[in-house]
Amino acid sequence: MSYETPEYSSIFSSVFEPDLLAELEAKSMLMKVSSGETIMRIGSPVRAVPLVISGIVKVSLINDDGQEILLYYVRKGETCPMSFTCWMTTKVSSIEGVAEEDSVILAVPGKVVDEWLLKYPTWKKFVMATILDGFSVVIKSIDDLAFKKMDDRLIIYLKEKSKATGSSLINLTHQQIGDELGTNRVVVSRLLKKLENDNKLLLYRNQIKLLRNL
DNA sequence: ACATTAAGTGATT
DNA sequence: AATCACTTAATGT
């Protein structure tokens with residue numbers, strides 16, 4: 001297990017004012033989570049806002065049948081837009097957040113999240129920006145779900161995955177991809193095969209290599 | 001060598 | 001696009 005040094009002040013020093021950085025250090029809690037660990041569980045109340053210091057957190061929606069749909073990733077220097085809406089309305093989380101890699105998270109207690117909105121303009125700006133951004137990402141995924149066919153969604157998914165990991169190699173089984181897109185393994189295998197025949201990617205066991213022309 | 005898991009494929013709904 | 005049933009290929013023990 002490898003964690004980056006939690007030099008979070010440097011990540012946020014450009015966005016937050018010094019006073020806020022100091023309070024951040026004093027009042028929030030640093031958490032290390034390993035890859036695959038669940039950070040936000042469905043049905044549990046959200047009592048803190050997680051800032052991602054290093055690593056990636058995958059946020060997805062899961063319905064009653066256990067079907068999963070990827071919503072978005074939260075990267076270094078970002079936070080989860082849904083976490084705000086959850087604690088502000090004191091509702092329980094309807095989504096799940098899982099660490100995609102070993103990650104370091106700064107948990108900011110809900111209480112101070114609220115105070116800082118009045119106290120620090122940069123905090124307010126940060127919060128508004130992530131909510132706004134999250135909103136457009138979700139609108140985008142509604143668009144994908146409603147109007148795009150599976151093959152387009154697969155391509156979008158692969159590209160996003162590759163961008164998230166910074167690699168053209170994707171280490172996932174067809175089953176895992178199917179789970180994330182809310183479809184079954186056979187469909188994924190067939191679509192991937194088609195893409196391979198079109199020279200868009202190469203298939204291996206547990207691994208997919210994306211080619212430039214995808 | 002054998003068992004297990006991932007991937008490929010035709011046929012059916 | 002989903003499901004079933006089956007085959008083939010890769011990997012672990």
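Asn184 caps the N-terminal end of helix α8 in this predicted model. A side-chain oxygen of Asn184 lies 3.1 Å from the backbone nitrogen of Val186. The helix itself runs over residues 185-197 and contains 13 residues. From first C-alpha to last, α8 reaches 18 Å, close to the 18 Å expected at 1.5 Å a residue. Beyond the helix comes Asn199. The phi angle of Asn199 is positive, near 60°.

One set of residues in α8 is buried: Val188, Ser189, Leu191, Leu192, Leu195 and Glu196. An α-helix has 3.6 residues a turn, so residues three or four places apart point the same way. The cover over the buried residues of α8 includes two helices, α6 (150-165) and α7 (174-181). Strands β9 (201-204) and β10 (207-210) also contribute to this cover.

Charged side chains were examined in α6 and α7. Lys161 lies in helix α6. With a relative accessible area of 5%, Lys161 is buried. Glu180 lies in helix α7. Glu180 is buried as well, with a relative accessible area of 7%. Both values fall under the 20% cut-off for burial. The two residues touch each other, as Glu180 is among the contacts of Lys161. Not counting residues up to four places away in sequence, Lys161 also touches Tyr73, Glu100, Ile170 and Leu172. For Glu180, neighbours within four places are likewise left aside. Its contacts are then Lys58, Glu68, Ile69, Leu70, Tyr73, Tyr157 and Lys161. Tyr73 thus appears in the contacts of both Glu180 and Lys161. Asp19 is well removed from Lys161: the C-alpha atoms are 36 Å apart in space, and the residues are 142 apart in sequence.

Aromatic pairing was searched across the whole structure, and seven pairs were found. One of them joins Phe12 and Phe126. This pair is edge-to-face, with 6.1 Å centre to centre and 90° between the planes. Phe12 belongs to helix α1 (residues 8-12) and Phe126 to helix α5 (residues 121-147), so the pair ties together parts that are 114 residues apart in sequence. Both Phe12 and Phe126 are buried. Trp116 and Trp123 form another edge-to-face pair. Here the centres are 5.2 Å apart, and the planes again meet at 90°. Trp116 counts as buried, at 0% relative accessibility. Trp123 is also buried, with a relative accessible area of 0%. Ring pairs link these four residues, together with Phe16 and Tyr120, into a cluster.

The overall properties of chain A were then considered. Its secondary structure comes to eight helices and 10 strands. The C-alpha atoms fill a box of roughly 55 × 35 × 25 Å along the principal axes. The radius of gyration is 19 Å. A compact globule of 214 residues would have a value near 17 Å, and the two agree. Buried residues make up 43% of the 214 residues. Contacts between residues at least 6 apart in sequence were also counted, and 71% of these join residues at least 24 apart. The exposed area of chain A is about 11,900 Å². Carbon and sulfur atoms supply 55% of that area.

Note on methods:
Residues numbered from 1 in each chain as written. Chains lettered and ligands numbered in written order. Predicted model: local features only at pLDDT ≥ 70, side-chain atom pairs only at ≥ 80, totals over all residues. Heavy atoms only, no water. Helix = DSSP H or I, 4+ residues; strand = E, 2+ residues; numbered from the N terminus. Expected span 1.5 Å × (residues − 1). Buried < 20%, exposed > 50% of the residue type's maximum accessible area, 1.4 Å probe, protein only. Contact = heavy atoms within 4.5 Å. Polar contact = N/O pair within 3.5 Å; in protein donor to acceptor, adjacent residues only side chain to side chain. Phe/Tyr/Trp six-rings, centres within 6.5 Å; stacked < 30°, edge-to-face > 60°. Rg over C-alpha atoms; globule rule 2.2 N^0.38 Å. Areas by Shrake-Rupley, 256 points an atom, 1.4 Å probe, with all protein chains shown as cover.
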